[in-house]
Amino acid sequence: MGREEEDGPMRIALCNEVVRELPFPRQAALAAALGYDGLELAPFTLDAEAPQLLPTARRAEARRIAREEGAPILGLHWLLVAPAGLSITRAERHAETLEEMRRLIGLAADLGARYLVHGSPAQRRLEAPGDAARAEAALAAAAEEAGRAGLTYILEPLDPGQTNWAASLAEALEIVRRIGHPALATMLDVSAAGRGEAETVPALLRRHLPSGLIAHIHLNDRNRRAPGQGEDRFAPILAALRQGGYAGDAAVEPFDYLPDGPACAARAIGYLRGIREALDA
């Protein structure tokens, strides 16, 4: 099964764990009604124990529901939550983790997604000699598998408070360039960049978008709330994306849902759509 249609301007997805208390059909219907272009799916919300083993019929059903409700599944994130103990750096779990990553890529393809975001900070910590080499080997293998499926595998740089590997955009870019696979890219998470980068997000985008290696954006405030619920200003960020000819997708990914998930999702997309309308004027 291939990925869904992807033509047109930058699409904005809702990370579905924000409204995970709702049944999946209602998640998709709410996202579409609020004005999101789709969902970025956390696999554990479909199956908390082994989402990689989701039966074929349930994959097809989720893809159909999301598409029919108007919020197709654009990508996957929060990849290595389940089963517990996965790691791309620990030697004793490396082979198992590679197999689960391969299965997740198959899941993404079956759901009609176009990308997978590899964040999972706890599952990539460097603790011993050889850990960094194992991490890069895992990414290279995932990129090869994703390329065969027509997907993009995206390394998410996170701030040093969360991880000690790919802890900046510059480091993530170095890793992606070193591996050198066309199906491997990196991205920018606004919250993580605000907490860990010396440059502002618009400056980072102006510097690095020309590389062609930034394939995704997570829109969230450095206070871990939704766009519009903190001190970060997103008009300069959206303007930099537009000026840089950014052609990927974005997703709203707060971690602190105020006053609750649905209201947080509604406020975020209203704020972002308002900015885009102003930029269009």
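This passage describes the pockets, the cavity, the aromatic contacts and the backbone features of a predicted model.

Empty space in the model was examined at its open pockets. The largest pocket encloses about 280 Å³ of space. Its lining comprises 20 residues, and those closest to the centre are Thr152, Ala185, Gly212, Ile214 and Ala215. Three strands each give two or more residues to this lining, namely S5 (152-155), S6 (184-189) and S7 (214-219). By residue class, the lining of the largest pocket consists of twelve nonpolar, five polar and three charged residues.

The second largest pocket has a volume of about 210 Å³. Among its 14 lining residues, Trp78, Ser120, Pro121, Gln162 and Phe255 lie nearest the centre. The lining of the second largest pocket divides into six nonpolar, four polar and four charged residues. Several of these central residues reappear in the features described below.

In addition to the pockets, the search of the whole structure returned one cavity of 30 Å³ or more. The largest cavity holds about 70 Å³ of space. It is lined by 13 residues, with Pro157, Leu169, Ala192, Ala193 and Glu197 closest to its centre. Strand S6 and helix H6 each supply at least two residues of the cavity lining, and S6 gives the most, with three residues. Nine nonpolar residues, one polar residue and three charged residues make up the lining of the largest cavity. Strand S6 is thus found in the lining of the cavity as well as in that of the largest pocket.

Strand S6 also takes part in covering helix H7. Six of the eight residues of helix H7 (residues 201-208) are buried, so this helix is largely enclosed by the rest of the structure. The buried residues of H7 are Val201, Pro202, Ala203, Leu204, Leu205 and His208. The elements that cover them include helix H5 (169-179), S6, helix H6 (190-196), S7 and H8.

Aromatic contacts were considered next. A pair of aromatic rings is described by the distance of the centres and the angle of the planes. Two aromatic pairs were found in the whole structure. In one of them, the ring centres of phenylalanine 44 and tryptophan 78 are 5.1 Å apart and the planes lie at 25°, so the pair is classed as stacked. Phenylalanine 44 belongs to the loop between strand S2 (38-41) and helix H2 (56-69), and tryptophan 78 to the loop between strand S3 (73-76) and helix H3 (94-110); the pair therefore ties together parts that are 34 residues apart in sequence. Phenylalanine 44 counts as buried because its relative accessibility is 17%, whereas tryptophan 78, at 30%, counts as partly exposed.

Phenylalanine 234 and tyrosine 271 form an edge-to-face pair, with 6.1 Å from centre to centre and 85° between the planes. This pair links distant parts of the chain, 37 residues apart: phenylalanine 234 is in the loop between S7 and helix H8 (235-243), and tyrosine 271 is in helix H9 (residues 261-280). Phenylalanine 234 is buried, at 0% relative accessibility, while tyrosine 271 is partly exposed, with a relative accessible area of 25%.

A further ring contact involves a charged residue. Arginine 224 lies over the face of phenylalanine 255, at 4.1 Å from the ring centre. Arginine 224 is placed in the loop between S7 and H8 and is partly exposed, with a relative accessible area of 28%.

The backbone shows several features of note. Most residues other than glycine have a negative phi, and most peptide bonds are trans. Arginine 224, although not a glycine, has a positive phi of about 75°. Serine 120, likewise a residue other than glycine, has a positive phi near 45°. Serine 120 is found in the loop between S4 and H4 and is buried, with a relative accessible area of 9%.

Cis peptide bonds precede two prolines. Alanine 82 and proline 83 are joined by a cis peptide bond with omega of about 0°, and proline 83 is located in the loop between S3 and H3. The peptide bond from leucine 258 to proline 259 is also cis, with omega near -5°; proline 259 is located in the loop between strand S8 (249-252) and H9.

Another proline, proline 129, occupies the loop between strand S4 (115-118) and helix H4 (131-149). Proline 129 counts as exposed, at 81% relative accessibility. Its C-alpha atom is separated by 32 Å from that of arginine 224, a residue 95 positions away along the chain.

Key:
Residues numbered from 1 in each chain as written. Predicted model: local features only at pLDDT ≥ 70, side-chain atom pairs only at ≥ 80, totals over all residues. Heavy atoms only, no water. 1 Å grid on protein atoms, 1.4 Å probe; cavity = no way out; pocket = protein on both sides within 12 Å on 5 of 7 lines; lining within 4 Å. Points joined across faces, edges and corners; volume = space filled by probe spheres on them. Helix = DSSP H or I, 4+ residues; strand = E, 2+ residues; numbered from the N terminus. Nonpolar A, V, L, I, M, F, W, Y, C, P; charged D, E, K, R; others polar. Phe/Tyr/Trp six-rings, centres within 6.5 Å; stacked < 30°, edge-to-face > 60°. Buried < 20%, exposed > 50% of the residue type's maximum accessible area, 1.4 Å probe, protein only. Lys NZ or Arg CZ within 6 Å of the ring centre and 35° of its normal. Contact = heavy atoms within 4.5 Å.
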